[in-house]
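Biologist: Please take me through one part of this model in detail, starting with a pair of charged side chains. I am new to it, so give the rule behind each term as it comes up.

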Amino acid sequence: MAVPARIKALSFTRLGAALGVAVLATFGLAGTAQAATDYVALGDSYSSGVGAGSYGNSGDCMRSANAYPQLWANAHAGTTFKFVACSGARTGDVLNQIANVTSSTTLVTVSVGGNDAGFADVMTTCTTGSDQTCVNRVNTAKTYVNNTLPGLLDNVYGKIKAKAPGAKLVVLGYPRFYTVPGSCSVGLSDTKRTAINSGSDTLASVLSARASAHGAKFVDVRGAFTGHNICSSASDYLHSLTWPIVNSYHPTVAGQRGGYYAPLVSAIG
């Protein structure tokens, strides 16, 4: 008996659908749609994007459209994004920022610790004082980073994890500021530059250890800035002493993209 054309068409449609599902399953393509990311960006000026311009209506927090959190959100369609990092933030300020983290948050990035350690005062002292005065001030900051900062970081990372147990927590570090010896013919001495870099290294070590203790991913940006920091051949990722003064020793637009965003993407996609 002949099969009506309409039934044939339905049968082939169902067969095609069934074959399509089988092919997708075979190649691991079925059910791969991912839930949208709920992303909260916490932290200080290195996360807010001071030095990278385009701050919109963010006021003194100076949240840049060129900052790595905004770049990551722009590149991941469907992301729910809360950008609350703020210039000048210390660990206590980040504890307040954590109010924006919820149980539905799936990604948190944070940079904090430099202001607690007295970064601005270190740079002022090293700019205006002698070599020995600079070295002494850096050593004082390193003592603070080794002895006091770990407990403050534990509090921050622990609070984030408590509010969003399922979230991926990513801790980003700070760059070395100088190539030593480098191309600079004026400015700080190499003794001062080396001391400042050693402070960055101490901070990276503590941030990495405390992040690991809380199951967080530490993104070390020092390598990404190598060859692009102050007194390097390129010198394009960091502002030196400049005007407006707040931009000094902060990443440029290129620094946010190449020094922060690129390592973040390499770490988490």
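Biologist: What is the N to O distance in the salt bridge where the side chains of arginine 222 and aspartate 201 meet?

Modeller: The distance is 2.8 Å, N to O, between the side chains of arginine 222 and aspartate 201. This is a predicted model, in which local features need pLDDT of at least 70 and side-chain atom pairs count only at pLDDT 80 or more, while totals for chains, interfaces and linings use all residues. Residues are numbered from 1 along each chain as its sequence is written, and side-chain values use heavy atoms, with hydrogens and water left out.

A salt bridge here is a side-chain nitrogen of Lys or Arg within 4 Å of a carboxyl oxygen of Asp or Glu. Side chains of opposite charge can pair when their charged atoms come close. The count by this rule is 6 salt bridges.

The pair you asked about, arginine 222 and aspartate 201, has its N to O distance at 2.8 Å. It links distant parts of the chain, with arginine 222 in helix H9 (residues 222-225) and aspartate 201 in helix H8, 21 residues apart. Helices (H or I, at least four residues) and strands (E, at least two) are DSSP runs numbered from the N terminus. Arginine 222 is buried, at 18% relative accessibility. Buried means under 20% relative accessible area, exposed over 50%, and partly exposed in between, with a 1.4 Å probe and protein chains only. Aspartate 201, at 26%, is partly exposed.

Aspartate 201 also forms a salt bridge with arginine 176, where the closest N and O atoms are 2.7 Å apart. Here too distant parts of the chain are linked: aspartate 201 is in helix H8 and arginine 176 in the loop between E4 and H8, 25 residues apart. Arginine 176 counts as partly exposed, at 28% relative accessibility.

Arginine 222 has a salt bridge with aspartate 220 as well, the closest N and O atoms being 2.6 Å apart. Aspartate 220 is partly exposed, with a relative accessible area of 33%. Arg176, Asp201, Asp220 and Arg222 are thus named as one network of salt bridges.

From aspartate 220 one can step to proline 263: their C-alpha atoms are separated by 7.9 Å, although the two residues are 43 apart along the chain. Proline 263 lies in helix H10 (residues 253-268) and counts as buried because its relative accessibility is 14%. Leaving aside residues up to four places away in sequence, proline 263 touches Val219, Ala224 and Gly258, a contact being heavy atoms within 4.5 Å.

For the wider setting, the protein has 10 helices and 5 strands. Buried residues make up 43% of its 269 residues. Among contacts with a separation of 6 or more, residues 24 or more positions apart account for 69%.

There is also a cluster of ring pairs, which links Tyr46, Tyr68, Phe119, Tyr174, Phe177, Phe225, Tyr237, Tyr249 and Tyr260. Rings of Phe, Tyr and Trp (its six-membered ring) pair if their centres lie within 6.5 Å; planes under 30 degrees apart count as stacked, over 60 as edge-to-face and the rest as tilted. The structure holds 11 aromatic pairs. One of them joins tyrosine 46 and phenylalanine 119 edge-to-face, 6.4 Å centre to centre with 80° between the planes.
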